[in-house]
Amino acid sequence: MKLGEGVEAAIHCAAMLAGVDGDATIPGAAMAQAFGLSPSYLLKHLNMLSVARILESVPGPAGGYRLARPAEHITLLDIVLAVEGREPVFRCGEIRRNGPARLDVSAYVKPCGINAAMLKAEKAYRAALAEAKLSDIVSEFMTDADPRSVAAGCAFVARHQRLQKSSSAKQT
């Protein structure tokens with residue numbers, strides 16, 4: 001099973017956004033820079049995450065992206081489905097019914113065993129992704145990664161996050 005490169009980018013961006021302060025944002029261009037990606041390529045995937053309500057897009061000079069809900073309520077399955085879509089990865093074309101030895105449809109009463117096995121595998125794969133919470137991945141990184149990598153990631157977030165004015169500050 002091969003997922004598109006956008007899945008990796010989307011997961012890394014969501015993990016980065018889990019580290020922003022409060023309701024701060026990070027511009028998409030900054031995240032593209034952090035991962036060496038084309039801004040237009042990454043923005044396409046960030047928009048998919050926004051449509052799926054994993055991210056929130058904030059307009060304006062202090063705008064950017066932030067998580068739309070807490071990281072403990074976002075799974076890897078949420079992100080994969082937002083980027084790749086909900087269709088099963090394997091789609092049986094019933095090719096067993098093609099070719100020169102083609103039989104009448106009545107010869108294929110039982111579902112294709114290959115399709116059944118592939119769907120069973122996909123169900124297990126999706127269940128594993130549904131158990132993997134973004135918050136756990138971020139926590140594990142903060143605990144187990146090389147301290148230089150953690151420090152660099154935290155410094156990047158601190159340098160690029162855009163703090164939002166609080167509602168009480170807007171009223172004054």
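This passage looks at how helix H1 packs against its neighbours and at the largest pocket, all in a predicted model.

Two packed helices can be summed up by the angle between their axes and the distance between those axes. Take H1, which spans residues 5-17, and H3, residues 39-51: they pack at about 70°, and their axes sit 10 Å apart. Since angles of 65 to 115 degrees count as roughly perpendicular, that puts H1 roughly perpendicular to H3. The crossing of this pair is right-handed. On the H1 side, the contact uses Glu5, Gly6, Ala9, Ala10 and Cys13, while H3 brings in Tyr41, Leu42, His45, Leu46 and Leu49. Sorted by class, that contact of H1 with H3 comes out as 7 nonpolar, 2 polar and 1 charged.

Next up is H4 (residues 76-84), which packs on H1 at an angle of about 135°, the axes being 9 Å apart. H1 and H4 are therefore oblique to each other, and here too the crossing is right-handed. Gly6, Val7, Ala10, Ile11 and Ala14 of H1 run into Leu76, Ile79, Val80, Val83 and Glu84 of H4. The class split for this contact is 8 nonpolar, 1 polar and 1 charged. Gly6 and Ala10 thus turn up again, having already been listed in the contact with H3.

The H2 side of the story involves residues 28-35, with H1 and H2 packing at about 115° and their axes 11 Å apart. H1 and H2 also make a right-handed crossing. From H1 come His12, Cys13, Met16 and Leu17, and these meet Met31, Ala34 and Phe35 of H2. No charged residue takes part in the contact of H1 with H2, which has 6 nonpolar residues and 1 polar one. Cys13 is another residue with two partners, given its place in the contact with H3 as well as in the one with H2.

H1 also has a hand in the largest pocket, which holds about 450 Å³ of space. There are 16 lining residues, and His12, Ala15, Met16, Phe141 and Gly153 lie closest to the pocket centre. The elements giving two or more residues to this lining are H1, H6 (134-144) and H7 (147-160). H7 is the top contributor, with 6 residues. As for chemistry, the lining has 12 nonpolar residues and 4 polar ones, with no charged residues at all. His12 and Met16, both among the residues closest to the pocket centre, are also part of the H1 contact with H2.

Key: Residues numbered from 1 in each chain as written. Predicted model: local features only at pLDDT ≥ 70, side-chain atom pairs only at ≥ 80, totals over all residues. Heavy atoms only, no water. Axes fitted to C-alpha atoms, helices over the stretch in contact; angles between N-to-C directions. Helix = DSSP H or I, 4+ residues; strand = E, 2+ residues; numbered from the N terminus. Parallel < 35°, antiparallel > 145°, perpendicular 65-115°, else oblique. Left-handed = near helix turned anticlockwise from the far one by under 90°. Contact = heavy atoms within 4.5 Å. Nonpolar A, V, L, I, M, F, W, Y, C, P; charged D, E, K, R; others polar. 1 Å grid on protein atoms, 1.4 Å probe; cavity = no way out; pocket = protein on both sides within 12 Å on 5 of 7 lines; lining within 4 Å. Points joined across faces, edges and corners; volume = space filled by probe spheres on them.
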